[in-house]
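Here's a quick tour of a few helices and how they sit together. Have the structure open while you read.

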Amino acid sequence: MIALVIRDLKLAMRSGGGFGHALAFFFAVALLVPLAVGSDSAILVSVASGMIWVAALLASLLSLDRLFSIDFEDGSLEAIAVSPLPLEIAVCSKICAHWIATGLPLAAAAPVVGLLLHLPGEGYFWAVASLLVGTPALSALGAFGASLTAGMKRGGLLLSVLVVPMSIPTLVFGAKSIALAVAGASNTTAFLLLAATTLTAVAIAPFAAARALADSLR
Amino acid sequence: MQLRANSVSCRRGERTLFGDVGFALGGGDCLIVRGPNGSGKTTLLRTLAGISRPSTGNIFVDRDEVVFIGHSNAIKDQMTARENLEFWASVFGTADADDALKSFNLWEARNIRAICLSAGQKQRLSLSRIGISRRKIWILDEPTASLDADGSAAILSRIRSHCRNGGIAVVATHHEFEMPESKKLDLSRFQPSLRSGVRSAPESPQS
């Protein structure tokens with residue numbers, strides 16, 4: 001399992017922009033929002049927590065398209081299906097690798113993005129924490145979506161259409177975790193619900209995705 | 001150890017590729033699968049490997065002993081030949097990537113990224129998975145594709161010695177295989193008759 005995570009990370013680094021892609025997109029949104037809505041601090045503060053999460057969600061969608069489709073096309077998936085590695089474990093590895101390559105850098109970059117969006121001081125900790133806890137759900141749900149479109153030549157659009165609705169709870173609770181903290185209210189409920197969406201997604205997605213992949217190989 | 005197919009038929013969409021294919025292989029047997037393009041060779045091999053399911057019939061095989069090398073080579077272009085094999089070695093829980101590189105004549109090319117390998121070298125790299133897997137039932141789809149005469153002879157002698165040591169091999173090929181001791185399966189003889197009773201013409205160009 002670890003071998004597959006390492007291989008995927010190696011490929012992400014070598015294929016150019018594996019790590020940087022999501023991060024660059026995240027920063028681009030953070031730079032564009034103040035230009036678009038104006039640099040009025042009051043307006044930025046009111047949208048900052050939401051924008052961080054919208055940007056993170058869209059950034060993590062970017063690389064999902066290739067999560068399984070490359071392995072599908074070059075025969076790796078077929079070879080894994082006949083190997084001692086169960087597809088469920090392979091999907092777990094893929095989710096891990098995707099999270100390390102996108103979710104983790106996004107969480108690490110959240111303070112910089114917060115700065116650009118005039119996020120008040122109380123929000124920084126929760127921006128990082130909510131992204132750390134919430135992005136595994138985005139990777140897991142994304143893996144499920146990617147498994148359904150693995151065998152398609154141009155599955156990118158369908159993938160987004162599938163994954164975005166599934167990610168809504170994560171987005172809502174993630175953004176609320178930051179917004180409530182910024183407003184000085186208790187965000188415990190929102191944060192726990194965010195953790196719950198992650199646990200649910202991570203528990204179910206590998207099995208659902210493995211089943212979809214096995215079917216697409218038939 | 002055995003590989004048994006019991007009146008297996010496979011469909012692709014609406015079309016039945018072949019019907020009522022049956023055979024039984026034991027240790028030491030080699031089965032050469034032939035047939036024109038579109039007769040279902042790849043489908044049969046994928047079905048035997050457990051990737052696809054037969055529409056009807058049964059396949060009896062120990063899945064933990066099967067290794068399948070298909071058309072697609074499962075090679076990552078951004079990694080070197082050695083890194084590619086080391087990955088598969090850890091998937092199969094074996095540690096002899098270097099031995100496999102040597103025995104498939106890839107030692108010189110071990111540190112070259114796969115994107116720079118020739119088609120023949122890639123094919124040998126793909127085939128070296130059979131060495132790494134240490135499994136006993138080899139299912140090979142066109143193993144000699146893009147190989148030169150020496151490469152083809154080498155893989156042929158490998159299959160022969162594998163069978164001599166009690167392994168099973170199923171090989172789909174267009175090329176003449178000098179294996180007098182092997183069993184033959186011509187898939188064109190298993191194509192379903194059309195309604196008029198005439199045998200369906202081989203379709204092309206899909207395999």
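What follows covers confidence, then one helix in some detail, then a helix pair.

## How far to trust it

This is a predicted model. Chain A averages a pLDDT of 92, and 99% of its residues score at least 70. Within chain A, confidence bottoms out in helix α1 (residues 2-14), with a mean of 85, and peaks in helix α9 (residues 188-217) at 96.

## Helix α2 and its two faces

Start with helix α2 of chain A, residues 20-37. At 1.5 Å a residue, its 18 residues should span 26 Å, and the end C-alpha atoms are indeed 26 Å apart, so expectation and model agree.

Which residues of α2(A) are buried? They are A:A22, A:F26, A:V29, A:A30, A:V33 and A:P34. Looking down the axis of α2(A), these buried residues fall within an arc of 120 degrees, so they line one face of the helix. An α-helix has 3.6 residues a turn, so residues three or four places apart point the same way.

That buried set packs against α3 (41-62), α6 (87-116) and α7 (121-148) of chain A. On the face turned away from the buried side, α2(A) carries A:L32, A:L35 and A:A36, which are exposed. After α2(A) comes A:G38, with a positive phi near 95 degrees.

## Where α4 meets α6

Helix α4 (residues 66-73) of chain A packs on α6(A) at an angle of about 130 degrees, and their axes are 11 Å apart. That angle makes α4(A) oblique to α6(A).

On the α4(A) side, the contact involves A:L67, A:F68 and A:D71; they meet A:V91, A:K94 and A:H98 in α6(A).

Notes. Residues numbered from 1 in each chain as written. Chains lettered and ligands numbered in written order. Predicted model: local features only at pLDDT ≥ 70, side-chain atom pairs only at ≥ 80, totals over all residues. Heavy atoms only, no water. pLDDT = per-residue confidence, 0-100. Helix = DSSP H or I, 4+ residues; strand = E, 2+ residues; numbered from the N terminus. Expected span 1.5 Å × (residues − 1). Buried < 20%, exposed > 50% of the residue type's maximum accessible area, 1.4 Å probe, protein only. Arc of directions from axis to C-beta. Contact = heavy atoms within 4.5 Å. Axes fitted to C-alpha atoms, helices over the stretch in contact; angles between N-to-C directions. Parallel < 35°, antiparallel > 145°, perpendicular 65-115°, else oblique.
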